[in-house]
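Grab a coffee and work through these short exercises with the structure open beside you. Try each task before reading its solution.

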Amino acid sequence: EHGCLHGDPHPGNFIFGDDGVISVLDYGCTQHLCDDMVAGLEDLARTAIRGGTDAEMLGPLCRALGLPLDLEPKLSSHLLAFARAMLEPVSAPQPFAFGHDHTTQLMERATKAKLVMARTALTHGVPTPQVDGAVLLMRASVGLAAMLGQLKSCADFRSAAGLD
């Protein structure tokens with residue numbers, strides 16, 4: 001909504017009021033997101049919600065991360081697997097309940113995608129993400145999923161994100 005990503009989501013950085021208000025205490029690890037990243041992520045989420053194929057998701061994903069469309073298939077498959085796990089809270093049937101399994105799967109996919117991206121970049125010269133916030137996105141999504149899992153959060157995240 002505000003084009004900013006909080007990259008250190010853990011319970012110590014927030015106060016959860018009895019009235020449902022969430023107060024953020026630490027803005028030390030935040031980053032403004034460029035318009036291409038925001039638009040790419042919105043397109044990616046809508047494509048995932050409608051059950052889009054990997055080929056349909058690759059364009060918005062590359063736009064969001066500032067990557068070329070002609071990625072090595074091994075790299076694109078890992079990035080797409082991470083994207084699908086990251087977007088599960090809005091693409092799965094609603095309401096979605098965060099839990100340990102989702103966080104573990106998201107962390108494993110993020111780690112694999114980062115390793116393959118680094119190896120591919122070293123051996124084939126594939127560029128690293130070229131938009132502000134792309135690298136922080138993996139950290140933030142895993143941290144947020146872990147925190148929401150600890151809180152046993154369950155909601156209609158699609159509606160909350162304005163993606164219904």
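The protein exposes about 9100 Å², and carbon and sulfur atoms supply 56% of that area. Keep in mind that this is a predicted model.

**Exercise 1. Work out whether the radius of gyration fits a compact globule.**

Solution. Start with the chain length: for 164 residues, a compact globule would have a radius of gyration near 15 Å. Now take the value for this protein, 16 Å, which agrees. For a feel of the outline, the C-alpha atoms fill a box of roughly 50 × 35 × 30 Å along the principal axes. Then look inside: buried residues make up 41% of the 164. Finally, of the contacts with a separation of 6 or more, 71% are between residues 24 or more positions apart.

**Exercise 2. Find the largest nonpolar core and say which helices supply it.**

Solution. First, the fold: there are 6 helices and 6 strands, in the order β-β-β-β-α-α-α-β-α-α-β-α. Next, the core itself has 43 residues, and Met37, Leu79 and Leu87 have the most contacts inside it. Helices H1 (35–49), H2 (54–65), H3 (73–91), H4 (100–124) and H5 (134–150) each supply at least two of its residues. The largest share, 9 residues, comes from H3. Now zoom in on Leu79: leaving out residues up to four places away in sequence, Leu79 touches Leu61, Leu65, Leu67, Leu71, Ala113, Met117 and Met138. As background, nonpolar side chains tend to be buried together in soluble globular proteins.

**Exercise 3. Check the length of H4 against the expected span, then find what its buried residues pack against.**

Solution. At 1.5 Å a residue, the 25 residues of H4 should span 36 Å. The end C-alpha atoms of H4 are 35 Å apart, which agrees. The buried residues of H4 include His102, Leu106, Ala113 and Met117. As a set, the buried residues of H4 pack against H3, strand S5 (96–97) and H5.

**Exercise 4. Classify two of the aromatic pairs by their ring geometry.**

Solution. The structure holds 3 aromatic pairs. In Phe14 and Phe16, the ring centres are 6.2 Å apart and the planes sit at 40°, so this pair is tilted. Phe14 counts as buried because its relative accessibility is 14%, while Phe16, at 37%, counts as partly exposed. For Phe96 and Phe98, the centres are 5.1 Å apart and the planes are at 85°, so call that pair edge-to-face. Both Phe96 and Phe98 are buried. Last step: ring pairs link Phe96, Phe98 and Phe157 into a cluster.

Technical notes. Residues numbered from 1 in each chain as written. Predicted model: local features only at pLDDT ≥ 70, side-chain atom pairs only at ≥ 80, totals over all residues. Heavy atoms only, no water. Core = buried A, V, L, I, M, F, W, Y, C linked by side-chain atoms within 4.5 Å. Buried < 20%, exposed > 50% of the residue type's maximum accessible area, 1.4 Å probe, protein only. Helix = DSSP H or I, 4+ residues; strand = E, 2+ residues; numbered from the N terminus. Contact = heavy atoms within 4.5 Å. Expected span 1.5 Å × (residues − 1). Phe/Tyr/Trp six-rings, centres within 6.5 Å; stacked < 30°, edge-to-face > 60°. Rg over C-alpha atoms; globule rule 2.2 N^0.38 Å. Areas by Shrake-Rupley, 256 points an atom, 1.4 Å probe, with all protein chains shown as cover.
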